[in-house]
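Fresh page in the notebook. I want to look up where the parts of this structure touch, and what the touching sides are made of.

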Amino acid sequence: MNISIEEIEKEIIEEFELFDNWIDKYEYLIDLGKSLPKIEEHEKTAENIISGCQSQVWLNAKKKDNKVHFFADSDAIMTKGIIAILIRVLSHQEPNEIINANLDFINTIGLKEQLSPTRANGLVSMIKKMKIYALGFEKTL
Amino acid sequence: MRNEKEIRDLFPLLDIKVNERPLIYFDNAATTQKSREVIAEIEKFYLHENSNIHRGVHHLSQISTDNFEKTRTTVQNFINAEYNHEIIFTKGTTESINLLASCYREILKKDDEIIISEMEHHSNIVPWQICCQNTGAKLKIIPIDINGNLDLKNFKKLLNSKTKLVAITHISNSLGTINPIENIIKLSHEKNAKVLIDGAQSAAHVKIDVQSLDADFYCFSAHKLFGPTGVGVLYGKEKLLNLLPPYQGGGEMIKDVSFEKTTYAPLPFKFEAGTPNICGVVAFKKAIELIKRIGIDKIQEHEDKLLAYATKKLKKIKGLKIYGEAELKSAIISFNIDGIHHYDLGLILDKMGIAIRTGHHCTQPVMKKFKIAGTARISFAYYNTFDEIDECVKAIEKAKKMLL
């Protein structure tokens with residue numbers, strides 16, 4: 001049984017409630033970043049790169065059994081931590097669920113306010129790119 | 001240096017807290033903080049003096065015109081220009097360079113050559129590329145060595161009778177190198193080439209004397225020397241400015257307009273079409289006066305000490321590499337730490353109240369030279385302190401622990 005996007009968001013909100021300072025929150029993101037599997041060098045193509053981030057981000061997606069699977073990497077570890085959270089929420093979900101996801105948890109856990117405006121723009125770009133992948137897969141159904 | 005506290009009190013924004021920590025502002029190469037006097041002047045202008053300039057006969061217009069022109073004379077004295085009409089106000093260094101490049105588009109012919117260097121800011125690369133695309137002129141590049149010095153031997157080889165302009169930065173914004181512009185100007189003049197010096201990073205840090213340098217053109221921005229944003233200067237020798245075609249058309253820059261023929265106003269107004277940043281120009285005077293009061297020698301002396309102290313302390317951090325170790329260097333330090341992305345470092349330092357710049361600093365060719373995507377950059381101003389450097393080094397060590 002698949003866990004829904006909302007349920008995962010709720011889990012993440014609960015996890016972040018445990019942190020009472022920025023250091024813990026950042027260290028958690030750094031750990032998440034370190035644990036995210038690297039993507040192959042040959043998959044780091046110009047088409048996979050996300051603009052709007054100060055660091056480089058590559059995002060790839062595949063569809064299996066009508067579920068979208070995301071793979072991503074970045075040269076900056078904090079960025080990878082954020083991608084890891086997005087992947088946890090949006091990967092293994094059906095395209096229409098990804099497209100319709102509100103992702104309100106980002107504001108709740110203070111990700112947007114914790115990060116600089118340029119980084120927040122990068123966050124928006126990442127989500128947009130994930131949704132575009134989902135949209136592409138939905139059309140090929 | 002006068003009393004440290006006395007100096008810092010002149011800059012109110014230095015006293016704030018960022019993320020509950022006292023701000024340490026090390027991003028002065030991007031922009032400096034503004035003095036109380038500059039801020040007060042801006043308020044005074046809009047409360048008591050606001051009016052358009054050079055047009056009205058009325059009381060307020062006279063006051064703002066006088067004050068605007070007083071800044072022109074202050075800038076003239078600041079860089080020791082021969083005449084005050086050699087000072088053109090623009091919106092910043094970028095516009096100053098674009099102004100000149102746009103004029104040169106009308107002058108250059110196919111196969112003429114422009115020389116720039118590998119360490120230029122994008123604002124001193126792209127306008128010349130556009131200029132070359134439009135005219136068929138060629139852009140030649142002086143390479144830099146591994147320490148960030150210009151290769152002068154190569155420069156001498158590049159110079160020839162086709163060279164019409166040499167556009168070089170006085171101080172590199174990403175490496176801190178202070179270029180031997182006196183020598184560059186001398187060598188260029190031997191081949192009858194004109195020289196533009198990009199002084200964006202130098203005006204607040206080293207003495208500028210355009211006459212003794214014999215610079216043909218020199219430009220800088222007010223906001224990098226404690227003044228307001230949106231104000232820049234293009235200095236040009238009278239004779240040369242008179243030879244250039246106008247830049248933008250509009251009000252203020254004309255003598256007579258008819259549909260058959262328009263004649264242009266004399267210098268400096270020929271290059272100042274439209275209503276300028278009057279308030280910014282007026283307030284800029286206060287920033288220059290402050291620099292003069294402190295003394296540029298005192299500023300340089302203090303910043304040199306900060307640079308030496310910070311360089312020594314940073315080098316003790318294991319895995320830290322500094323980019324740009326020219327013999328003559330201004331108070332800018334670009335660096336990376338093994339295994340750490342500069343952007344991660346910047347984010348964590350920000351959390352500790354420390355403002356640094358991360359990225360390619362609009363000098364992608366420099367990054368390419370060193371085969372890196374970017375650096376973390378610390379840049380000092382006169383109001384920075386040794387204690388701030390100590391705090392920053394501690395913060396870098398802490399960030400390193402978190403990230404590695």
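Before counting anything, I note my rule: two residues are in contact if their C-beta atoms, placed from the backbone, lie within 7 Å. I also keep in mind that this is a predicted model.

Entry one, chain against chain. I looked up the contact between the two chains and found 11 residues of chain A in contact with 12 residues of chain B. Which elements of chain A each supply at least two residues of the side that touches chain B? They are helix H2 (22-35) and helix H3 (77-90) of chain A. H2(A) gives the most to that side, with four residues. I then sorted the side of chain A that touches chain B by class, and got six nonpolar, three polar and two charged residues.

Entry two, inside chain B. The domain assignment splits chain B into domain 1 (4-26 + 295-403) and domain 2 (39-293). I checked their centres, taken over C-alpha atoms, and 28 Å separate them. The contact between these domains takes 23 residues from domain 1 of chain B and 22 residues from domain 2 of chain B.

Entry three, the domain 1 side of that contact. Helix H11 (296-315), strand E14 (332-337) and helix H13 (364-369) of chain B are the elements giving two or more residues to the side of domain 1 that touches domain 2. Which one gives the most? I find H11(B), with four residues. By class, I jot down 12 nonpolar, six polar and five charged residues for the side of domain 1 of chain B that touches domain 2 of chain B.

Definitions and conventions:
Residues numbered from 1 in each chain as written. Chains lettered and ligands numbered in written order. Predicted model: local features only at pLDDT ≥ 70, side-chain atom pairs only at ≥ 80, totals over all residues. Domains from an automatic or database assignment. Nonpolar A, V, L, I, M, F, W, Y, C, P; charged D, E, K, R; others polar.
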